[in-house]
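Here is my note on the model you sent. The points are numbered so that you can reply to each in turn.

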Amino acid sequence: LKELVRYHHLILANIHTGIVVAHQDGKIRTFNTAACKITGLEETGVVGLQLDEMPASFQPVAQLMKRTLAEGKPFSQENVELDKQQPEPAYISLQTTLLQNAEGASLGVIATLKDVTLVKQMEQQLLRSERLANLGEMAAGVAHEIKNPLKAILGFSKRLFDKLED
């Protein structure tokens, strides 16, 4: 039994998806290494806390976990913003589901967290470059529209200069 428990702890410690488990009473029972990295929270400071007692940065996750416990159905949210007290916020993909025993009775809730910060940053960079490309096209169009009348003025002024003596 100890070997099986150790094996499951190794699995939870080595996957890159954050796993958070709260029992029916709302107490956090599992908070794996990936969840610590993604949220910036320490396992020792979180395990044993009620969902309501979790830090403000974790509240989007805690709210969805409480909703899953209350309504008894899974939920999913994309691009959930976590404020980890860093210059850039972290974005996660969040899914919750009920933890059930073999008879189907609810034992708690499981939340899986995937860090999608890099994807979100790339999306924002792509949008920024698209806006800059559009701005460049508009500037080229404006320059073309201004250049044509100026060339006509230059041509007429040269002809006028040639016809005047003084």
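1. First, a term for the sheet. Two strands count as paired if DSSP finds at least two bridges between them. By that rule, five strands of this predicted model form an open sheet in the order E2-E1-E5-E4-E3, with antiparallel pairing. E2 and E3 are the edge strands, each pairing on one side only. Neighbouring strands are turned against each other by 20° on average, direction ignored.

2. Overall make-up. The protein chain has five helices and five strands. Along the sequence they follow the pattern α-β-β-α-α-α-β-β-β-α.

3. Dimensions. The radius of gyration of the protein chain is 30 Å, whereas a compact globule of 166 residues would have one near 15 Å. The C-alpha trace spans about 110 × 30 × 25 Å along its principal axes. Of the 166 residues, 28% count as buried. Take the contacts between residues at least 6 apart in sequence: 39% of them join residues at least 24 apart.

4. Strand E1 and its partners. Five of the six residues of E1 are buried, so the strand is largely enclosed by the rest of the structure. E1 runs antiparallel to E5, and six bridges join the two. In this pairing His23 stands opposite Gly108 of E5. E1 also pairs with E2 in the antiparallel sense, over three bridges. Here Val20 faces Phe31 of E2. The hairpin of E1 and E2 has four residues between the strands, and Gly26 takes a positive phi near 90° there.

5. Strands E4 and E5. Nine bridges link E4 and E5, again in the antiparallel sense. Leu99 stands opposite Gly108 in E5. Gly108 is thus a shared reference point, as His23 also stands opposite this residue.

6. Helices on the sheet. H4 lies across E1, E3, E4 and E5, and runs at about 25° to E4. Helix H5, residues 117-163, packs on the sheet too, touching E3, E4 and E5. The direction of H5 makes about 140° with that of E4.

7. The nonpolar core. Which residues have the most contacts inside the largest nonpolar core? They are Val20, Phe31 and Val61, in a core of 26 residues. At least two core residues come from each of strand E1 (18-23), strand E2 (28-31), helix H2 (33-39), helix H4 (59-71), strand E3 (75-82), strand E4 (90-100) and strand E5 (106-115). H4 gives the most, with five residues. In soluble globular proteins, nonpolar side chains tend to be buried together.

8. Val20 in detail. Not counting residues up to four places away in sequence, Val20 touches Ile28, Thr30, Phe31, Ala35, Phe58, Met65, Val109, Ile110, Ala111 and Leu113. Val20 is also one of the residues with the most contacts inside the core.

9. Thr30 and Thr39. Is each of these threonines buried or partly exposed? Thr30 sits in strand E2. Thr30 counts as partly exposed because its relative accessibility is 24%, and buried means under 20%. Beyond four places in sequence, Thr30 touches Leu12, Ile19, Val20 and Val21. The C-alpha atoms of Thr30 and Gly48 are 8.8 Å apart, with the two residues 18 apart along the chain. Thr39 lies in helix H2. Thr39 is buried, since its relative accessible area is 4%.

10. Polar contacts of Thr39. The side chain of Thr39 reaches the backbone oxygen of Ala35 at 2.7 Å. A polar atom of the same side chain lies 3.3 Å from the backbone nitrogen of Leu41. Not counting residues up to four places away in sequence, Thr39 touches Phe31, Phe58, Leu82, Lys84 and Leu113.

11. One backbone angle to check. Asn79 has a phi near 55°, a positive value in a residue other than glycine. Asn79 lies in strand E3, an edge strand of the sheet. With a relative accessible area of 36%, Asn79 is partly exposed.

Definitions and conventions. Residues numbered from 1 in each chain as written. Predicted model: local features only at pLDDT ≥ 70, side-chain atom pairs only at ≥ 80, totals over all residues. Heavy atoms only, no water. Core = buried A, V, L, I, M, F, W, Y, C linked by side-chain atoms within 4.5 Å. Buried < 20%, exposed > 50% of the residue type's maximum accessible area, 1.4 Å probe, protein only. Contact = heavy atoms within 4.5 Å. Axes fitted to C-alpha atoms, helices over the stretch in contact; angles between N-to-C directions. Polar contact = N/O pair within 3.5 Å; in protein donor to acceptor, adjacent residues only side chain to side chain. Rg over C-alpha atoms; globule rule 2.2 N^0.38 Å.
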